[in-house]
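Here are my notes on the model you sent over, written to be read with the structure open beside you. I've gone through it point by point.

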Amino acid sequence: MIQAKSLSFRYSDAATPTLQRINFEVLAGEFVLVTGPTGSGKSTLLKALIGLAPHFTGGQISGEVKIDGLATTGLPPHEVAHLIGYVNQQPAGAFATDTVEEELAYGMEQLGVAPDEMRLRVQNIATLVGVADLLQRPLERLSGGQQQRVAIGSALASGQKILLLDEPTSALDDQGAKEVLQVLKRLTVTEQVSVIVSEHRVERLAELIDRVLELRGDGLLVEKSPRELLISQVHGMTAPKAIGRECLFETPELELKYGTTTALHPISLRLSTHSITALSGDNGSGKSSLLWCALREAWRQNKTVAMVPQNASDLLILNTVSAELSAAHTENQPTARRAATILERLVGRLDPTSHPRDLSVGQQLALAIALQISRKTDLLFLDEPTRGLDPEAKSKLADLLGELRDDGHAILLATHDHDFARQTSDEVIHLIDGRRADEN
Amino acid sequence: MNLTFKASQIAPGAWWLLGLSFAICAGISSSAPTLLAIQILAVLIVLLAREDAPWSRSLLFYICTAALVVLIRVTFRIIFNFDSPDQVALNLPAIRIAFGPLGEIDLLGRVSQSSITAALRDGLRMSAIILSIGMANSLANPRRLLKSTPAALYGVTSSFVIALNLAPQLIASAKRIRLSSQLRNESNRPSKGVMLISPIIEDSIDRSMALAASMDARGFGRRGNLTKLQIRFSRVASLVSISALAIGSYLLLTSDEVWATFASFTLGVAGIYASLRVTGSSTLKTRYITHSWQIKDSLLVGVSALLAILFALGVIR
Amino acid sequence: MKTNPWSAAVVAVAALAAILVFAWPLVIADTSQVNLAQGVFIGLMPLLLLVILIEFNAGSIGTRQLAILGLLIALNSVIRMLGAGVSGIETVFFLLIIGGYVFGAGFGFVLGAGSLLVSGLLGAGVGPWLPFQMMAAGLVGLGAGLVGRLASKWRGRGYLEVLLMSCYAIPACFAYGALMTLWNWPFLAGEGSSLSYVAGAPLNENLATFLKYEIFTGGLIWDLGRAVTTVVLIAITGKTLLTTLSRAANKAQFS
């Protein structure tokens, strides 16, 4: 279905190509995983296949891509839209309409499918991706997993036989991810759709995939079998050490209501020095709400606290990486240097002149974490600190958090990554529907 | 046959036709009771047919605007009055203000009965037009309406739809970024407005680019380009239309040539229609119909047309 | 963007016709047709808008450019809704002028017209005045685009450009105000009052009455408020926005 021959891609202002003479082939009905370290070009590879790179990103492409025997290199996305479906990292931001059924039909409208046939296909595709009972539902009232499935349906509604997905499960909790992956498996088996997925959290996918393409970070690509991948995934995390702890921060009962719905039932937190506390739970379970409530409480009590919000790029407000780093703390130069060191440790050296908005999601997160950690506050709050990080960066982050704990900091993190929560933390508070799970 | 006339069950185009025909009737009529009846009817229809949607919540705004227009029109007529001795309804002291090089201006004085009723009638006509259009806007889903605009405007209306989709997200992201700016400094104070403009716009540019990418990846922009001939035709048609409309307006205001006036206006509208058709013909996209035209839509359109015709012929005044 | 002279001619003719439609009370000769005239002109304005929008749409605009347009319309609508309620403060114009300046005349027109339409649909209200507001705001954006073209050799010299935009903003705000007052003049004053237009009267007499109307109804003060707000906002945000929007223009590959 897809053949890439010596495919190269270089961003306009980059020193080295992101993809360097890559060769691979994907057959009909194959389920292929593209993996690699943060910023290694996984998203870029998918974008190059559908033409978003260079047409939406700038840069130069060379080599040859053949889709179903047709040479498509350098064509804009809308010229290959009838052959390839593409779902980006945040489907909610990519919806062009209001309701599920209109969204499913959107691509078909653009491709000029006849109205009667459209009706039929909307029904079929909705059944296939499991949203048949949600057709009239406004898109913003869907769960993350449902949104992802609608996006998949819309990408395939015109009968496309290739589906590209950029980190389809990284923002999803386990239940949502399971639903999405089941749909993908069904598509490869019953519809012979070739699926190419880029993803960090390979453990969820390991059993489903046929083949792995790994980008090594230097622009080269190596093929692996799923088994090899799992072996390379095993990495140790530091075991919690028990040191003399004292209570640093104690909250009264925190509670949050929006109108008549309760986002958070009364819950209190106690954070000690030398400790990492994790809030785990599914999307919408109240983790973030609790974190923000705790933050306001910490401000109220005049504690020094640093926080990395879920949307890490919100913290980045200046024009270059180096400006962000030197603004880390204006009066205190060592802080900037410390931030630079932490950043390099997490994701390697970044070009100091690049615009923070042009970094990959994982790199933005790493930068935000570096900026906030370097302030050396007593309390450190992190909301979903692993999103978009590859396993290596994740384990480095775990090490880093371990060191901070040993230095005496109290760390509170919210994550739906249960493994990360278990492996890093001294205490895991599991939340279900705004309540502590052990209280139910 | 299902004959419930709820806002979302009628095509938005039908609501607009009803609103426009009400407005036309109001424009023609010069009887205060009829104008009042049109207003009451418009408000009643909104109250009966509306559902809980953001665009249905502005009824009060329209009623207030309508009332204000009547009030302003009448007060205006009383304050900026020409002193007149006939049928005096209000006898106020006349004031004359010299206004430098612009001349003089008369205020108050003896206000005649007829000038007040005329002002009241004109005010009622304006407010009836406002309420008629307000009715259409309160009942028709704007997105669905934008969806049914002609193919020749597809690009422009798409950007309007993008704007409607992005507006609520913008408010959310502005709030988020303001909150996040508190996290970067020791004092935990949010940054000042101007500091935030750039990150908010950068954030929303990224969002709009992601949306554009997803639209393009699903085939948006896949229209055959217009040929030179088509573009040239559309431009000529536009220029002819504007000239015809200008001639039509001139004739309307200066002569009694009913047929020539009518012909000019018809030519003008036809030219724009032709331009719409020709520049819209090259898109190969189709439309997914969420609402199929039903008997009740036709019924509503029929009633609207009948009303407008009865007013135009002078059967109802 | 290169502009075809024919395209410019169509837009220019339509804009001229639109200004005449605004100005009818100044030039109308015959009293007997006034009511009819008002109705017909309310119907004409949407047609003229349509002509310009068709012309814009016929040019090849890419998805990214449309997305930027949609984004700026959304921003502008949100800003307008936030600014509404504070009298004398009119916040739509600074972003409109900067946007038109950076992205060109056609873009500026659609940005102006679209901002008024979308904010109207979002709750600022839709009425017979809307096509007139759309046209007037569109013309302000169009003018900003023309200023941007004239100043193309100054690109990148931030403060000079901000100054230039501020200089344009003052007459533009007053012109917008004058157009909208022209529109509501017959609407609110009607005929026969001492501040009404007189059909058939010489142009200068009607202009004098119009000026008096502007002064008495506070229109000029309102315009002044609008101009001051706009200039202040351009001065504060101009430099930042120029950089940000130029970056966006690069991303969207405006050529």
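**Notes on the model**

1. Start with the strands at the beginning of chain A: β1(A) (residues 2-10) and β2(A) (residues 19-26) run antiparallel and are joined by five bridges. Gln3(A) is a handy residue to click on here, since its bridge partner in β2(A) is Glu25(A). β1(A) also pairs with β4(A) (residues 60-67), again in the antiparallel sense, over seven bridges. On that side, Gln3(A) stands opposite Lys66(A). One thing to keep in mind throughout is that this is a predicted model.

2. Next, look for the open sheet of six strands in chain A with the order β6-β7-β8-β3-β9-β10 and mixed pairing. Its edge strands are β6(A) (84-87) and β10(A) (221-224), each pairing on one side only. From one strand to the next, the twist averages 20°. Inside this sheet, β3(A) (residues 31-35) and β8(A) (residues 194-198) pair in the parallel sense over four bridges, and Val32(A) has Ile196(A) as its bridge partner in β8(A).

3. Two helices are worth pointing out on that sheet. α6(A) packs on it and touches β6(A) and β7(A) (162-166), with a direction at about 160° to that of β6(A). α7(A) (residues 174-190) packs on the sheet too, touching β3(A), β7(A) and β8(A), and its direction makes about 150° with that of β8(A).

4. Chain A has another open sheet of six strands, ordered β16-β17-β18-β15-β19-β20, also with mixed pairing. Here the edge strands are β16(A) (305-308) and β20(A) (435-436), each of which pairs on one side only. β17(A) (residues 379-383) and β18(A) (residues 410-415) run parallel, joined by five bridges, and Asp383(A) stands opposite Ala414(A) in β18(A). Lying across β16(A) and β17(A) is α12(A) (residues 361-373), which runs at about 180° to β16(A).

5. Is Glu103(A) buried or exposed? Glu103(A) sits in α4(A) (residues 100-111). With 27 other C-beta atoms within 10 Å, Glu103(A) is buried, because 20 or more is enough to count as buried. Leaving aside residues up to four places away in sequence, Glu103(A) touches Phe95(A), Thr97(A), Leu139(A), Val150(A) and Ser154(A). Asp68(A) is elsewhere: 35 residues away from Glu103(A) in sequence and 26 Å away in space, C-alpha to C-alpha.

6. Now the contact between chains A and B, which takes 39 residues from chain A and 33 residues from chain B. On the chain A side, α3(A) (77-80), α4(A), α5(A) (115-128) and α6(A) (144-156) each supply at least two residues. Which helix gives the largest share of that side? It is α4(A), with nine residues. By class, the side of chain A that touches chain B has 23 nonpolar, 10 polar and six charged residues.

7. Chains C and B also meet, with 69 residues of chain C in contact with 75 residues of chain B. Several helices of chain C each supply at least two residues of that side, among them α1(C) (5-22), α3(C) (34-58), α4(C) (63-83) and α10(C) (219-251). α3(C) gives the most, at 14 residues. The side of chain C that touches chain B breaks down into 44 nonpolar, 20 polar and five charged residues.

8. Within chain B, have a look at α1(B) (residues 12-28) and α2(B) (residues 32-49), whose axes come within 10 Å and cross at roughly 165°. An angle over 145 degrees counts as roughly antiparallel, so that is how α1(B) and α2(B) run relative to each other. Their crossing is left-handed. Phe22(B), Cys25(B) and Ala26(B) of α1(B) make the contact with Leu35(B), Ile38(B) and Ala42(B) of α2(B). By class, that is six nonpolar, no polar and no charged residues.

9. Last, a helix pair in chain C: α5(C) (residues 93-103) and α7(C) (residues 130-150) pack at an angle of about 45°, with their axes 7 Å apart. The two are therefore oblique to each other, and α5(C) passes α7(C) in a right-handed crossing. Residues of α5(C) in this contact include Phe93(C), Leu96(C) and Gly100(C), while those of α7(C) include Ala137(C), Gly141(C) and Gly148(C). The contact of α5(C) with α7(C) has 10 nonpolar, four polar and no charged residues.

Methods: Residues are numbered from 1 along each chain as its sequence is written. Chains are lettered from A and ligands numbered from 1 in the order in which they are written. This is a predicted model: local features need pLDDT of at least 70, side-chain atom pairs count only at pLDDT 80 or more; totals for chains, interfaces and linings use all residues. Axes are lines fitted to C-alpha atoms, for helices over the stretch in contact, and angles run from 0 to 180 degrees between N-to-C directions. Angles under 35 degrees count as roughly parallel, over 145 as roughly antiparallel, 65 to 115 as roughly perpendicular and the rest as oblique. A crossing is left-handed if the near helix is turned anticlockwise from the far one by less than a right angle, and right-handed if clockwise. Two residues are in contact if their C-beta atoms, placed from the backbone, lie within 7 Å. Ala, Val, Leu, Ile, Met, Phe, Trp, Tyr, Cys and Pro count as nonpolar, Asp, Glu, Lys and Arg as charged, and the others, Gly among them, as polar. Two strands pair if DSSP finds at least two bridges between them. A residue is buried if 20 or more other C-beta atoms lie within 10 Å of its own, exposed if 12 or fewer, and partly exposed in between; C-beta atoms are placed from the backbone.
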